[in-house]
Amino acid sequence: QVQLVESGGGLVQAGESLRLSCAAAGSIFKIDTMGWYRQAPGKQRELVAAITSGGNTNYVDSVNGRCTISRDNAKNTVYLQMNSLKPEDTGVYYCSAFITTMGITSHMNYWGKGTLVTVST
């Protein structure tokens, strides 16, 4: 069994920063791509940023230059540093990871339960 646990969400004012964390725990053999998605009220979930096991990153255009995704492979943790936050960044942020568990030959996509980020004007 694998769990992804997010933390770091909260209420901030526009222009401020937040750092989200997501730790994976369980019978983990290997973690491939990890990422952050968000779902704004009334909208579909969208990819915000992703990072491969080798450190390659990609971002949605709306956060490029304001957010940085990173990971600590020793801690099975992925981070999302968000700066210059805007009201349109408001939403529930979900952690995603492709994880191969012990005794299994292929990876599966696991999700966290989400952490709420609210940016006020």
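Start by selecting cysteine 22 and cysteine 95 in this predicted model and showing their side chains as sticks. The torsion about their S-S bond is about -80°, so the disulfide is left-handed. The sulfur atoms of cysteine 22 and cysteine 95 sit 2.1 Å apart.

Now colour the strands that hold the two ends. Cysteine 22 belongs to strand E3 and cysteine 95 to strand E9, so the bond ties together parts that are 73 residues apart in sequence. If you switch on a surface, are these two cysteines buried or exposed? Cysteine 22 is buried, with a relative accessible area of 0%, and cysteine 95 is buried as well, at 0% relative accessibility.

Next, pick cysteine 67. Why does cysteine 67 not bond to cysteine 95? The closest cysteine sulfur to that of cysteine 67 is the one in cysteine 95, and it lies 15 Å away, too far for a bond; the cut-off for a disulfide is 2.5 Å. Cysteine 67 is itself buried, at 6% relative accessibility. The disulfide count for the model comes to one.

Go back to cysteine 22 and look across to the neighbouring strand. Glutamate 6 stands opposite cysteine 22 of E3. Strands E1 and E3 are paired in the antiparallel sense, over six bridges.

Widen the selection to E1, E3, E8 and E7. These four strands make an open sheet in the order E1-E3-E8-E7, with antiparallel pairing. E1 and E7 are the edge strands, each pairing on one side only. Ignoring direction, neighbouring strands in this sheet are turned by 15° against each other on average.

From the sheet, move on to the nonpolar core. How many residues does the largest nonpolar core have? It has 28, and those with the most contacts inside it are Leu4, Trp36, Val78, Leu80, Met82, Tyr93 and Ile99. Strands that each supply at least two residues of this core include E1 (2–7), E3 (18–26), E8 (77–82) and E9 (91–101). Also among them are E4 (28–39), E5 (46–51), E7 (67–72) and E11 (115–120).

For a last stop, centre the view on valine 78 and list its contacts, leaving aside neighbours within four places in sequence. Both disulfide partners, Cys22 and Cys95, are in contact with valine 78. Its other contacts are Leu20, Ser21, Met34, Trp36, Ile51, Ile69, Ser70 and Arg71. Of these, Trp36 is, like Val78, among the residues with the most contacts inside the core.

Key
Residues are numbered from 1 along each chain as its sequence is written. This is a predicted model: local features need pLDDT of at least 70, side-chain atom pairs count only at pLDDT 80 or more; totals for chains, interfaces and linings use all residues. Side-chain values use heavy atoms; hydrogens and water are left out. A nonpolar core is a set of buried Ala, Val, Leu, Ile, Met, Phe, Trp, Tyr and Cys residues joined through side-chain atoms within 4.5 Å. Buried means under 20% relative accessible area, exposed over 50%, partly exposed in between (1.4 Å probe, protein chains only). Contact means heavy atoms within 4.5 Å. Two strands pair if DSSP finds at least two bridges between them. Axes are lines fitted to C-alpha atoms, for helices over the stretch in contact, and angles run from 0 to 180 degrees between N-to-C directions.
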